[in-house]
Amino acid sequence: MGSADLVFPAGKRGGNAAAETGVHRAAVPPPQPFVKSLKSKLKETFFPDDPFRQFKNQPASRKVVLWLQYFLPILEWAPRYTFPDFKSDLVSGITIASLAIPQGISYAKLANLPPILGLYSSFVPPLVYAMMGSSKDLAVGTVAVASLLIASMLGKEVSPVENPTLYLHLAFTATFFAGVFQAALGFLRLGFIVDFLSHATIVGFMAGAATVVCLQQLKGMLGLQHFTSATDIVSVMRSVFSQTHQWRWESAVLGCGFLFFLLLTRYFSKRRPKLFWISAAAPLTSVVLGSVLVYLTHAEKHGVQVIGYLKKGLNPPSANHLVFTSPYMMTALKTGIITGVIALAEGIAVGRSFAMFKNYHIDGNKEMIAFGMMNMAGSCTSCYLTTGPFSRSAVNFNAGCKTAVSNIVMATAVMITLLFLTPLFHYTPLVVLSSIIIAAMLGLIDYEAALHLWKIDKVDFCVCLGAYAGVVFGSVEIGLVIAVSISMLRVLLFVARPRTFVVGNIPDSGIYRSKEQYPVANDVPGILILQIDAPIYFANASYLRERISRWITEEEDRLKASGETSLQYVILDMTAVASIDTSGISMLEEMKKNIDRVGLKLALANPGGEVMKKLDRAKFIEAMGPEWIYLTVGEAVTACNFMLHTCKPGSTDTPAMV
């Protein structure tokens, strides 16, 4: 090991060594009151965007106005609204209404709910969001993934066929709980919880859900009367191929024809973005053409299923239908929380994406409040879960929307449909709705994003693949649990097994960097420099102690084999150690004792202010000696080299300074 007889400078002479070598000591920050420190940490956790800054030095009347504008952003931008803005929003609103009406009916069928609920859900929630939302581009409505989740989770407890009334009431209740949960996250500033759904998780989950939704539509495409309620691919394919004698070629031909039409219009719109309206109008065009075709040919008498009667009128109240009693309340609560999180993740991600394109900012917590309030209002007006779907928002964006008034225009168009036009949907074939859903879902299977993950980060790709496989081969809930579990496991591995590097000197410079990243970096004779790349907590303290000990052993073996200068000093570069807990401090104390026992000396380089405060309170600095804590790696190496060349083996006196 190292030279056990070597005497090192300490105490006052160590301070002289610092002066002789021109190094600087790491300082302990001035103490702060606990309450002030806690307040600062809570502010950074819950209010990183400093939302109260605008209220400073404002009179009481102005503060009231600012509070109203904070919760109702429409009060802020409405006074500046112009007629040219309205013309743009009018075109956008009508365009997305043409998409929202057929999609709303389709997604309601996907959720095993009455089709009219899809129209109800495209009327009230967009009006609420227009007043409370901060995104200019988000187009509110029902989404396929949430619809599938509702059908999957509620369908396990209550059959929508055998007990449709209870199933409907549970859907309203789940929507209410989703709204409460979303609004609570916003009011409590807990929006960072949604960030645990990583990009890789969302890509895999959405692709898996889209695949499952497409498979579910085989029922409509083939004209099957009975179909499995399970969502996994094995059950679906078994259900499809066990009923080959019931396949209806009329439905299959009609469905494939409309699916080809929808995909063709999307292709043209992608090739020529100015022709976005072709793709946007295609679903409604399909509904009109399909209805006319069925009416003229009486196809409903030849196995082509149709929507049937849709009653006229606006949303009836449903607050008295919410279920808050056992045994179904917990099912609705669980469904509401899970669908609420997924809806938040999708809506906020979509809103931020388009805000980035237009160079404006949306408040995530404010968005959560808006989503929560619109879903609570929706649950009381016969609506089920809504958010900001990507397809509809993309059409809104491409149509040139200026503000959330486009949602008001869309809601107005839906209102007119509810009041006067619902009988026209009587002959709409279900196979057209299936085609609309499949066409929309194929856009959610983002294989390019998956390939990008593979190229950049294999672990993220595994997270994506785990989410996809869990949804497709298990269920939507299983896929979500797998994806979140893999993501959390990755976080835990980063915390529990942080990276450590051997650091060397870049030739002809005073710069010290990882030898793994810079192979040209040279070892410093007699000195081992290690960089710790993470905070030191109870979860990784034991690992770091063992890993550092192994680094030391490996370095001594290497030096012994090569006949180079024996190891004398170990320098820990703590630049990346943002914080440390009591377990970490205990680890440093134990490691120092072990290093001293084998005749080596430990030095620290650049510990942060938070780390220095805790080391000082724990008396570690006093026990170690402040002369062994340096501001930079370079200064630590300079000081160790100075002492290495001035200390005399076997001497009991402090060495003289050159």
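Which residue does the side chain of Glu 546 meet in a salt bridge? In this predicted model, the partner is Arg 545, and the separation from N to O is 3.8 Å. Arg 545 is buried, its relative accessible area being 17%; the cut-off for that class is under 20%.

This pair belongs to a wider set of charged contacts, for the model contains 9 salt bridges in total. Two further examples lie within helices. In helix α24, which spans residues 582-597, Lys 592 and Asp 596 are 4 residues apart, or about one turn of the helix. Their side chains form a salt bridge with an N to O distance of 2.6 Å. The two partners fall into separate accessibility classes: Asp 596 has a relative accessible area of 29% and is partly exposed, whereas Lys 592, at 15%, counts as buried.

Helix α25, residues 609-617, holds another such pair, Glu 610 and Lys 613, which are separated by about one helical turn because they stand 3 residues apart. The salt bridge between these side chains has an N to O distance of 3.7 Å. Glu 610 is partly exposed at 26% relative accessibility, while Lys 613 is buried at 13%. Elsewhere, salt bridges with shared partners connect Lys 515, Asp 523, Glu 555 and Arg 558 in one network.

The discussion now turns to the sheet. Six strands make up an open sheet with mixed pairing, arranged in the order β2-β1-β3-β4-β5-β6. At its edges stand β2 (512-514) and β6 (629-630); each has a single partner strand, so one side of each lacks a neighbour in the sheet. In general, the strands of a sheet pair through backbone hydrogen bonds, in either the parallel or the antiparallel sense.

Within this order, β3 (residues 527-532) pairs with β4 (residues 569-573) in the parallel sense, through 5 bridges. One point of reference along this pairing is Leu 530, whose bridge partner in β4 is Leu 572. On the β5 side, β4 and β5 also run parallel, and 5 bridges join them. Here the bridge partner of Leu 572 is Leu 604 in β5. Leu 572 can thus be followed in both directions, to Leu 530 and to Leu 604. Strand β5 itself is mostly covered, with 4 of its 5 residues buried.

Which helices lie against these strands? Helix α24, already met through the salt bridge between Asp 596 and Lys 592, lies across β4 and β5 (601-605) and runs at about 140° to β5. Helix α27, residues 633-646, also packs on the sheet, where it touches β2, β3, β4, β5 and β6. The direction of α27 makes about 170° with that of β4.

A nonpolar region of the surface completes the picture. Which residues form the nonpolar patch? They are Leu 314, Ile 416, Leu 419, Phe 420, Leu 421 and Leu 424, and together they present about 540 Å² of accessible area. Ile 416 belongs to helix α18, which covers residues 405-421. With a relative accessibility of 40%, Ile 416 counts as partly exposed, because that class lies between the limits of 20% and 50%.

Conventions:
Residues numbered from 1 in each chain as written. Predicted model: local features only at pLDDT ≥ 70, side-chain atom pairs only at ≥ 80, totals over all residues. Heavy atoms only, no water. Patch = residues over 30% accessible without salt bridge, like charges linked within 9 Å, V, L, I, M, F, W, Y side chains within 5 Å. Areas by Shrake-Rupley, 256 points an atom, 1.4 Å probe, with all protein chains shown as cover. Salt bridge = Lys/Arg side-chain N within 4 Å of Asp/Glu carboxyl O. Helix = DSSP H or I, 4+ residues; strand = E, 2+ residues; numbered from the N terminus. Buried < 20%, exposed > 50% of the residue type's maximum accessible area, 1.4 Å probe, protein only. Pairing = 2+ DSSP bridges. Contact = heavy atoms within 4.5 Å. Axes fitted to C-alpha atoms, helices over the stretch in contact; angles between N-to-C directions.
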